[in-house]
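Thanks for passing this one along. Please have a look at the structure below, and then at my comments.

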Amino acid sequence: MEKGTWTVKVGLAQMLKGGVIMDVVTPDHAKIAEEAGACAVMALERVPADIRAAGGVARMADPTVIEAIKQAVTIPVMAKCRIGHFVEAQILEALGVDYIDESEVLTPADEEHHIYKHAFTVPFVCGCRDLGEALRRIGEGAAMIRTKGEAGTGNVVEAVRHARAVLGAIRRLQGLPPDELMAEAKNLRAPYELVVEVERTGRLPVVNFAAGGIATPADAALMMQLGVDGIFVGSGIFKSADPAARARAIVQATTHFKDATILAEVSRGLGEAMTGLDVRSMKPEELLATRGW
Amino acid sequence: MTTIGVLALQGDFREHREAVERSGGTAAEVRLPNDLEGLDGLIIPGGESTTIVRLMRTSGLLEPLRKLVGRGFPVWGTCAGMILLAKHLDATGIPALEAMDIGVRRNAFGRQADSFEVDLRIPVLGDPPFHAIFIRAPVIEAVGPEVEVLARLADGTPVAARQGRLLATAFHPELTPDSRFHRFFLDHVVRRA
């Protein structure tokens, strides 16, 4: 009997596919998310929109918060550590979380190195903006990838940009002759073996969700139609007027993402979505997606 | 040609679809009641059982499926799918099809750190042993008189079972390249005379 293998790490992400992972900050939020049909929750002290508003250094959540959320639900519980902060990751592993998000939403602890994730039994999900970044994280041991988007904005534009970058690069890799793949790995700044694998299979070797700015059922279905495997919703649910109704609607939109009749039905009467931010009006230092490389 | 529906509400339905096609069947994704027409059997994939059961209700699939199963329609549930088939669940489970006379405990091994892979001897599949992947897996705690246990862990815990045209596995044959379990479902459960 073998635990903590690559297969079981990637396997849990495969079980989450077609689902919605929701940011929660209290046990009550976690229950609302589970009852709405979330396939997992992300246990946090603050949702990204509030992290943005608070400023300062954003760190791993207090273990008390994570423990309380673990007690409240039976679905998988994820938690975030800072980029490169392998001790926060060790603590989250000791707490028994099901997945760790090495996340740009928190303030990075290391601007050169991400965590060596193969050293852990618990699996990791990491953010990316393009195919090279995705493959670098997978090379370090990330068993799941999410496009970064721009967290806490309620604006889907960056999520779309990053998903198109990753999926477009995979399509362009198809059919390249073997003698061009090393140069392509150099251009992507990605491990050669993973570039070869993506060319051969036509997909990432791990599950790929979308994150960062998804606020409506239509946003979720848009990302699914672009070709991601599932959805992270952060501030979009609990910063809206009616979180339970919006959470249910986003879950249904993620399942029935190709059925415009159902999308129209579930988009009705959800009340105010979260107030969005125009990413173009933000200063470079306010962007979270540029953290990590 | 045998057409197998794969419940495609949430979870690893693509892997099941590909495994059915590798095993000589045709696969069709099921999201709405109309998708149930013309099927010879159904697979309920791995995923989050609480998510899938809620989506079965909102999609209007729960009642039609309960009726189909009551008429002897072949269904195979893997992991979350096994939970949805079970008549008896622990306190955290939400009753769904309540078709198979087994008692199932969710997340029986603990959290993700306790997920594992192991070789199982499964007499109906013959040799070699089957490589089984358990992810936050449930186990079968009780079996009724009509239920045949197909596989056990080394400590005797049942992890695969059959009752008439219903099949349940706590592990994920769809995550391995070994198609023997999918062929067993097609040849001995669905096409059974």
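My notes on this predicted model follow as numbered points.

1. On the cysteines: there are zero disulfides over all chains. For a pair to count, the sulfur atoms would have to lie within 2.5 Å. The closest cysteine sulfur to that of Cys126(A) belongs to Cys81(A), 8.0 Å away, which is too far for a bond. Cys128(A) has its closest cysteine sulfur in Cys126(A), at 9.4 Å, again too far for a bond.

2. Are these two cysteines of chain A buried or exposed? Cys126(A) is buried at 1% relative accessibility, and Cys128(A) is buried too, at 0%.

3. Helix 12 of chain A covers residues 243-255, and its length looks fine to me: 13 residues at 1.5 Å each should span 18 Å, and the end C-alpha atoms are 19 Å apart, which agrees. Eleven of the 13 residues are buried, among them Arg246(A), Ile250(A) and Gln252(A).

4. In chain B, do look at the open sheet of seven strands, ordered 2-1-3-4-12-11-10 with mixed pairing. Strand 2 (26-30) and strand 10 (148-152) are at its edges; each has a single partner strand, so one side of each lacks a neighbour in the sheet. From one strand to the next, the twist averages 20°.

5. At the strand 10 edge of chain B, four bridges connect to strand 11 (residues 158-163), and the two run antiparallel. Glu148(B), for example, has Arg162(B) as its bridge partner.

6. Helix 1 (residues 13-22) of chain B packs on this sheet, touching strands 1, 2, 3 and 4, with its direction about 160° from that of strand 2. Helix 5 (residues 180-190) of chain B lies across strands including 1, 10 and 12, at about 160° to strand 12.

How values were computed:
Residues numbered from 1 in each chain as written. Chains lettered and ligands numbered in written order. Predicted model: local features only at pLDDT ≥ 70, side-chain atom pairs only at ≥ 80, totals over all residues. Heavy atoms only, no water. Buried < 20%, exposed > 50% of the residue type's maximum accessible area, 1.4 Å probe, protein only. Expected span 1.5 Å × (residues − 1). Pairing = 2+ DSSP bridges. Axes fitted to C-alpha atoms, helices over the stretch in contact; angles between N-to-C directions. Contact = heavy atoms within 4.5 Å.
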